[in-house]
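Me: Hi! I'm new to reading protein structures and would like to walk through one with you. Can we take it a piece at a time?

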Amino acid sequence: MESKLWFKKPAAEWIAGLPVGNGRLAAMILGYTDRERISLNHEWLWYGKFRNKDNENRSMYLKEVRELLLAGKYEEGGLLANKAFAGEGIGYGRNNRVDPYQPAGDLYFELDHNNIQNYYRELDLETATVKVAYDTDGTRITRETIANFACGLIILRIAAVNGLIGGTFWLSRTEDSDCELSFNGKDLTIWMDGSFTGGIDFRVEAAARTKGGKVSIDDGRKLIIQDAEEIIIFLNIGTSAKGELPSEECSRYPVPESDWDTLYRQHVEEYQKHYKKLAMSLTINQGEHVPTDERLDELRRGGEDASLPLLYFNFGRYLLCSSSNGELPPNLQGKWNEEISPPWESDYHSDINLEMCYWAAESGNLQELTNALFLFIERFVPHARKAAKDLYGCNGVYFPIQIDPWGRSTPESNGWAVWIGAAAWLAQHMWWHYEYGQDTGFLRERAYPFFKEVAAFYESYLIEDEDGVFQIVPSQSPENRFTGCGNLPVSICVSSTMDVQLATDVLMHAIKASELLGVDEEKRTVWKDIVRRLPKMKIGSKGQLLEWNEEFEEVELGHRHLSHLFGLYPGDLITPEKTPELFEGARVSLERRLAGDGGHTGWSRSWVACCYARMGDAEKAWEHLNHLVRDFTTDSLLCLCPQKIFQIDGNLGGTAAVIEMLIQSYNEELHFLPALPKAWPSGKVVGLRARGGYTVNMEWEAGNLVCAEVTPLKDRVCTVKYLDRRYKVQDGNGNMVDINWDGHYMNFNVFVKKTYYIVLTV
């Protein structure tokens with residue numbers, strides 16, 4: 001089943017630790033035996049200095065920027081665009097105002113023991129539990145840590161077999177001149193209060209409960225425990241991020257009176273409501289009997305391990321469960337960060353990274369975890385309306401490329417920030433939520449209102465050229481550049497391919513939603529006209545899909561971003577059936593990127609694997625999935641960007657690549673095993689979801705589908721691609737179902753919540 005990461009030694013460093021989380025709280029467990037450190041985080045613990053930041057009115061510069069860009073003066077136009085719309089400002093200067101995501105601190109403890117033997121450390125993905133165990137002086141010590149999904153606390157249990165245990169426990173935080181700390185304790189609880197200069201406040205609490213033994217507090221800062229059979233430490237964190245005292249938030253998550261067995265059972269039950277909805281197994285020799293780090297070492301030396309990507313896949317699902325079950329979506333590091341100045345502020349990047357975190361959510365049967373993303377989007381809408389007016393004089397909403405959690409749409413990444421496509425990309429996830437779940441209420445109440453906001457921006461932002469084509473100016477292909485733009489890190493241009501694809505994507509969703517809901521017929525007509533008159537995608541002299549409106553010379557052929565391939569994946573504008581020339585052009589573009597050493601970050605390599613899976617190239621998808629696991633992970637499988645920097649998006653993008661290899665459902669047409677690698681000849685998966693409202697189970701042998709079980713959410717015609725007449729369809733009672741064949745397309749009627757079996761007959 002590949003459900004455990006395990007090791008024979010402690011973590012060598014923080015990024016080799018084992019993470020736990022319940023959405024609100026998170027912890028990284030390192031597994032030391034002399035002085036253990038559990039690194040703590042809270043999803044709302046961002047510095048908070050700039051939580052009320054705002055924009056000045058910059059719209060008066062739009063006309064001049066457009067004139068320069070339309071005249072081909074890309075360096076001049078780009079410089080002015082950055083001064084006007086990217087945070088540098090004309091006549092005023094300021095630094096980046098993105099608040100960094102902050103560590104809450106650490107729980108340290110030293111246990112009273114010596115002579116460690118038989119060490120073992122694991123993360124059980126089935127139960128969301130980190131376990132450390134070892135022998136010491138005839139006693140077996142077991143330490144278990146959970147981020148309890150039921151009570152909301154992080155809980156550490158230390159038990160002794162054939163002996164007693166004691167030790168010292170205390171809270172601390174790395175030295176930080178911008179954070180004032182104070183410590184106190186009473187009634188078997190210690191706490192650490194923190195206050196950021198000009199920012200928010202927070203509290204970390206550690207409460208002790210023992211079976212037997214004695215507990216005392218030393219100097220208001222340390223818990224001293226002696227001669228206990230069992231020690232349980234309850235960890236809680238509160239912040240002032242939402243206007244309450246940190247102590248008030250902590251009080252809403254009281255220490256439960258239940259015993260460990262009850263707490264653990266409740267936690268596992270709640271967690272498995274998410275994780276256990278999907279399960280995959282392979283009939284190959286699996287490597288679970290070998291420690292995870294040793295398996296990786298062997299892979300890096302050129303060995304093979306066909307089941308390690310399955311462990312990576314399950315770990316990705318675990319990470320999404322652990323980081324998106326709260327009020328905020330995963331940031332660049334999910335919910336795990338130990339640094340006061342993390343890379344890129346550990347923020348939300350909306351030009352791939354945030355979206356990639358949710359590529360596997362709908363198809364991977366974790367759809368309820370997308371609510372954190374939708375809440376995040378909706379929190380921004382009021383200020384995003386103001387930002388659209390202030391920056392561009394437009395209606396609708398503008399979302400920036402670099403975001404923190406405060407709901408303020410301000411461009412902060414000077415040099416990169418002149419880009420208006422973020423809202424359209426985020427809207428895609430709302431459409432997916434409808435596509436997979438067929439929830440008309442969600443479409444009406446949450447998705448469609450946002451589609452209209454994004455569409456309203458394009459209606460007022462697009463400009464018509466002399467040929468009647470609607471151009472997007474200024475535009476960007478994140479985060480790439482072409483020659484002739486001076487020292488700008490990103491080229492500002494006219495109608496990049498990605499921007500055209502994003503506009504098309506969101507407007508088509510708005511059109512379809514308005515048809516389904518039977519509303520806004522006049523608006524629908526406007527949107528259809530815009531889509532019809534947007535620039536067409538083009539093929540270049542080398543057969544590649546062009547990234548910009550012209551065939552410019554790229555500065556970095558192997559750039560990490562594949563922005564112009566959005567229409568291939570995760571979008572569905574480029575397909576082998578409807579746009580074969582563009583489909584082949586996308587393949588050539590991808591090959592050119594890789595020939596230039598592209599895919600050199602974990603998340604970029606994930607995108608490459610997803611694109612090859614989308615193209616049905618099983619062995620290329622498998623190659624790059626293995627490249628991801630082998631070359632872009634820590635010993636604990638956390639994804640790297642680049643070396644030594646953890647970013648969760650690569651983990652979750654790799655999870656999406658596996659699903660894309662197993663099932664595709666574009667245009668609500670089911671395609672089973674579209675990119676099944678030879679390394680996985682036989683297997684079974686239960687709990688996949690498909691567009692159109694299906695749950696799908698599959699079993700395959702020798703690379704061929706043996707049986708697929710399809711359960712729809714509504715009455716409809718089910719369409720399956722690329723099967724032949726060796727397959728029949730039966731209902732749950734064994735009755736044959738009539739099939740209409742159209743070449744390699746199978747069509748048959750299905751009815752709500754009944755299961756249908758597509759079975760190989762020969």
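Reply: Happy to, and what follows is a chat about the parts of this model, which is a predicted one.

Me: Let's start inside. Which residues touch the most other members of the largest nonpolar core?

Reply: They are Phe169, Ile233, Tyr392, Phe672, Met698 and Ile758, in a core of 242 residues. Helix 8 (residues 371–392) gives the largest share of this core, with 12 residues.

Me: And what is in the second core?

Reply: That one is separate and has 8 residues, including Ile232, Phe234, Trp260 and Leu263. As a general point, nonpolar side chains tend to be buried together in soluble globular proteins.

Me: Trp260 caught my eye. Which residues are buried in helix 4?

Reply: Trp260 is one of them, and the others are Thr262, Leu263, His267, Val268, Tyr271, His274 and Tyr275. These buried residues pack against strands 7, 8, 9, 13 and 16, and also against helix 6 (308–323).

Me: How does helix 4 lie on those strands?

Reply: Helix 4 lies across strand 7, strand 8, strand 9, strand 13 and strand 16, and runs at about 45° to strand 8.

Me: What span should its 16 residues have?

Reply: At 1.5 Å a residue, helix 4 (residues 260–275) should span 22 Å, and its end C-alpha atoms are 22 Å apart, which agrees.

Me: Now the sheet. What order do the 9 strands have?

Reply: The order is 1-6-7-8-9-16-13-12-11, in an open sheet with antiparallel pairing. Strand 1 (4–7) and strand 11 (179–186) are the edge strands, and each pairs on one side only. From one strand to the next, the twist averages 15°.

Me: Can we zoom in on one pairing? How many bridges are there between strand 6 and strand 7?

Reply: There are 7 bridges, and strand 6 (residues 116–124) pairs with strand 7 in the antiparallel sense. Within that pairing, tyrosine 120 stands opposite alanine 133 in strand 7.

Me: What about strand 5, how many of its residues are buried?

Reply: Strand 5 (residues 105–111) is mostly covered, with 5 of its 7 residues buried. Its pairing with strand 4 (residues 36–42) is antiparallel and has 5 bridges. Another 6 bridges join strand 5 to strand 10 (residues 165–172), also antiparallel.

Me: Which residues stand opposite leucine 107?

Reply: Isoleucine 38 stands opposite leucine 107, and in strand 10 the bridge partner of leucine 107 is leucine 171.

Me: Is there a hairpin to look at? Which strands form it?

Reply: Strand 2 and strand 3 do, with 3 residues between the strands, and glycine 23 takes a positive phi near 95° there. The two run antiparallel and are joined by 4 bridges. In strand 2 (residues 18–21), Leu18 and Val20 point one way while Pro19 and Gly21 point the other way, and all are buried. In a regular strand the side chains alternate between the two faces of the sheet.

Me: New topic, rings. How many aromatic pairs are found in the whole structure?

Reply: The search finds 40 aromatic pairs. Phenylalanine 399 and phenylalanine 450 make an edge-to-face pair, 5.7 Å centre to centre with 75° between the planes. Phenylalanine 399 is in the loop between helix 8 and strand 19 (402–403) and phenylalanine 450 is in helix 10, so this pair ties together parts that are 51 residues apart in sequence.

Me: Any tryptophans pairing up? What is the angle between the planes of tryptophan 425 and tryptophan 607?

Reply: The angle is 50°, which makes the pair tilted, and the rings are 6.3 Å centre to centre. Tryptophan 425 sits in helix 9 (residues 422–437) and tryptophan 607 in helix 14 (residues 602–614), so the pair ties together parts that are 182 residues apart in sequence.

Me: Last one: what does proline 570 touch?

Reply: Leaving out residues up to four places away in sequence, proline 570 touches Trp359, Trp425, Gln428, Trp432 and Trp607. Proline 570 is in the loop between helix 12 (521–533) and helix 13 (580–595).

Me: Why does proline 570 count as buried?

Reply: Because its relative accessible area is 1%, and buried means under 20%.

How values were computed: Residues are numbered from 1 along each chain as its sequence is written. This is a predicted model: local features need pLDDT of at least 70, side-chain atom pairs count only at pLDDT 80 or more; totals for chains, interfaces and linings use all residues. Side-chain values use heavy atoms; hydrogens and water are left out. A nonpolar core is a set of buried Ala, Val, Leu, Ile, Met, Phe, Trp, Tyr and Cys residues joined through side-chain atoms within 4.5 Å. Buried means under 20% relative accessible area, exposed over 50%, partly exposed in between (1.4 Å probe, protein chains only). Two strands pair if DSSP finds at least two bridges between them. Contact means heavy atoms within 4.5 Å. The expected span of a helix is 1.5 Å times one less than its number of residues. Axes are lines fitted to C-alpha atoms, for helices over the stretch in contact, and angles run from 0 to 180 degrees between N-to-C directions. Rings of Phe, Tyr and Trp (its six-membered ring) pair if their centres lie within 6.5 Å; planes under 30 degrees apart count as stacked, over 60 as edge-to-face and the rest as tilted.
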